[in-house]
Amino acid sequence: MAKLIGATASPRINPRPDYGPALPVLAKGIWRIIQLPLLYTCLAKLLSPSYAAVHVAVLRSSATAAILRAVSFAPWVVADDVFFMVGLSIAVSASYILGNGFFAILDNYRLLQHYRLPRTRAQAPPASLVRRALQKEAFSHCVTGPLIMLLAAGPGLRAVGSPVAIGLLPPWATTWWQLAAQLVINETMFYFGHRMLHTEPLYLAIHKQHHSFIGTRSFAGEYAHVLEDVLTAYIPFLTGLFITGAHFHLVFVWFFIRVIGVAEGHSGYCFKNTIFDRIGLANASAAANHDFHHTRNSGNFGHPMYDWLFGTMDVYLAAGGEAGYIEMGRKANAAANAGVPSASARGPPSALLRSSPRVARQQAGQSL
Ligand SMILES: [Zn+2]
Ligand SMILES: [Zn+2]
């Protein structure tokens, strides 16, 4: 039997599994870098009238002047920063409600259950954890997030020359390349930031909170230590936009997309081979990859192409990879529908994983 060496920042099993040929993995990753920004560009163009409406409303609003007075202790804040905070808060809240509302409907009314990924009963989050997560998210949406946007992100983007006015919206080609650059920078920073959080000291001090959810729900994606929020959300979300000097509207669109992506990645649903996945409205590979990261907590730190490139998907591949994990979910769902307790409902599906007391402790929500 293969032996699990460690569920850390560089998890390896011995013997190493076959990672397969490079070409299909790289071709799929590069195609996504072309396809997704194209989809995001269409969304940006579609939403630009809404951007214009919010811009006008904020500039004419007496609330803008009141907020400026309230934050006058920060002399670098101007009306454009208030606009940035309000616009981004609307975009983030709208996508949070849309993404999480969609998956809550699927969970509550048991719709599309054949797309569920495998779960054991022991992996279900306790009510106290769900309550803590929702409280934390309400605080970060209403307090932490707006303050970071108002005092740092907005002024910073202005300082690098990001346009605000609706008349300065970039043409299609500029929008596409700026979003493509942002996508690559975001995925790169997230992978390495997340992998760094799996070093033992940082895991125990910071990242363990996010892994309190083992069988995740969509809102679990935002349940994290505030330092993790900064390291793997705010900084990767904004860096490419700063470097390219992206228009404020693209910042709003990017956050709107990413918040929905975070919800999907933690939803426990994988829409592989659906039309939504093919056109980029869903990201099935990323959803399966990150779901496995939570349920097994060994490797799968980011975009599947990065995990493949840097050899951090040993346990995933040994368990059958994306196809094997999805199939495991389908079998568990079919068994549940037939009223038969499935392997995944009884316990961890892989003997390989049961061989590691370290993983077993993590699956029980304990420390490394
Ligand atoms: Zn993690
Ligand atoms: Zn996660």
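**Figure 1. The largest nonpolar core of the predicted model.** In this predicted structure, the largest nonpolar core comprises 40 residues, and those with the most contacts inside it are Leu88, Val251, Phe252, Trp254 and Phe255. Two or more residues are given to this core by each of the elements α1, α3, α4 (127–159), α5 (172–197), α7 (226–244) and α8 (248–265), and the largest share, 13 residues, is that of α8. When neighbours within four places in sequence are left aside, Val251 is in contact with Leu88, Leu157, Leu241 and Ala246. Another core, of 26 residues, lies apart from the one shown here, and its members include Ile13, Leu117, Phe301 and Tyr316.

**Figure 2. The right-handed crossing of helices α1 and α3.** Helix α1 (residues 22–60) packs against helix α3 (residues 79–109) at an angle of about 130°, and the two axes lie 10 Å apart. The pair is therefore classed as oblique, and the crossing of α1 and α3 is right-handed. On the side of α1, the contact is made by Val54, His55, Val58 and Leu59, while α3 contributes Ala79, Val82, Phe83, Val86, Gly87 and Ile90. Sorted by class, the residues of this contact between α1 and α3 are 8 nonpolar and 2 polar, with no charged residues.

**Figure 3. Surroundings of Val25 in helix α1.** Val25, whose place is in helix α1, counts as partly exposed because it has 16 C-beta neighbours inside 10 Å. Although 279 residues separate Val25 from Pro304 in sequence, their C-alpha atoms are 8.4 Å apart in space. With neighbours within four places in sequence left aside, the residues in contact with Val25 are Met305 and Trp308.

**Figure 4. The contact of helices α10 and α13.** The axes of helix α10 (residues 284–296) and helix α13 (residues 321–337) come within 10 Å and cross at roughly 75°, so that α10 and α13 are roughly perpendicular to each other. In this contact, Ser285, Ala288, Asn289 and Phe292 of α10 meet Glu322, Tyr325 and Ile326 of α13. The residues of the contact of α10 with α13 divide into 4 nonpolar, 2 polar and 1 charged.

**Figure 5. The cis peptide bond between Asn14 and Pro15.** Most peptide bonds are trans. The bond from Asn14 to Pro15, however, is cis in the model, with omega near 5°. Of the two residues that it joins, Pro15 is found in the loop between β2 (13–14) and α1.

**Figure 6. Asn273, a residue with positive phi in the loop between α8 and α9.** Most residues other than glycine have a negative phi. Asn273, which is not a glycine, nevertheless has a positive phi of about 65°, and its place is in the loop between α8 and α9 (275–279). Because 10 other C-beta atoms lie within 10 Å of its own, Asn273 is exposed.

**Figure 7. Asn300, a residue with positive phi in the loop between α10 and α11.** Asn300 has a positive phi of about 55° although it is not a glycine, and this asparagine lies in the loop between α10 and α11 (304–309). Asn300 is buried, since 27 other C-beta atoms lie within 10 Å.

Definitions and conventions: Residues numbered from 1 in each chain as written. Chains lettered and ligands numbered in written order. Predicted model: local features only at pLDDT ≥ 70, side-chain atom pairs only at ≥ 80, totals over all residues. Axes fitted to C-alpha atoms, helices over the stretch in contact; angles between N-to-C directions. Helix = DSSP H or I, 4+ residues; strand = E, 2+ residues; numbered from the N terminus. Parallel < 35°, antiparallel > 145°, perpendicular 65-115°, else oblique. Left-handed = near helix turned anticlockwise from the far one by under 90°. Contact = placed C-beta atoms within 7 Å. Nonpolar A, V, L, I, M, F, W, Y, C, P; charged D, E, K, R; others polar. Core = buried A, V, L, I, M, F, W, Y, C linked by C-beta atoms within 7 Å. Buried ≥ 20, exposed ≤ 12 C-beta atoms within 10 Å, placed from the backbone.
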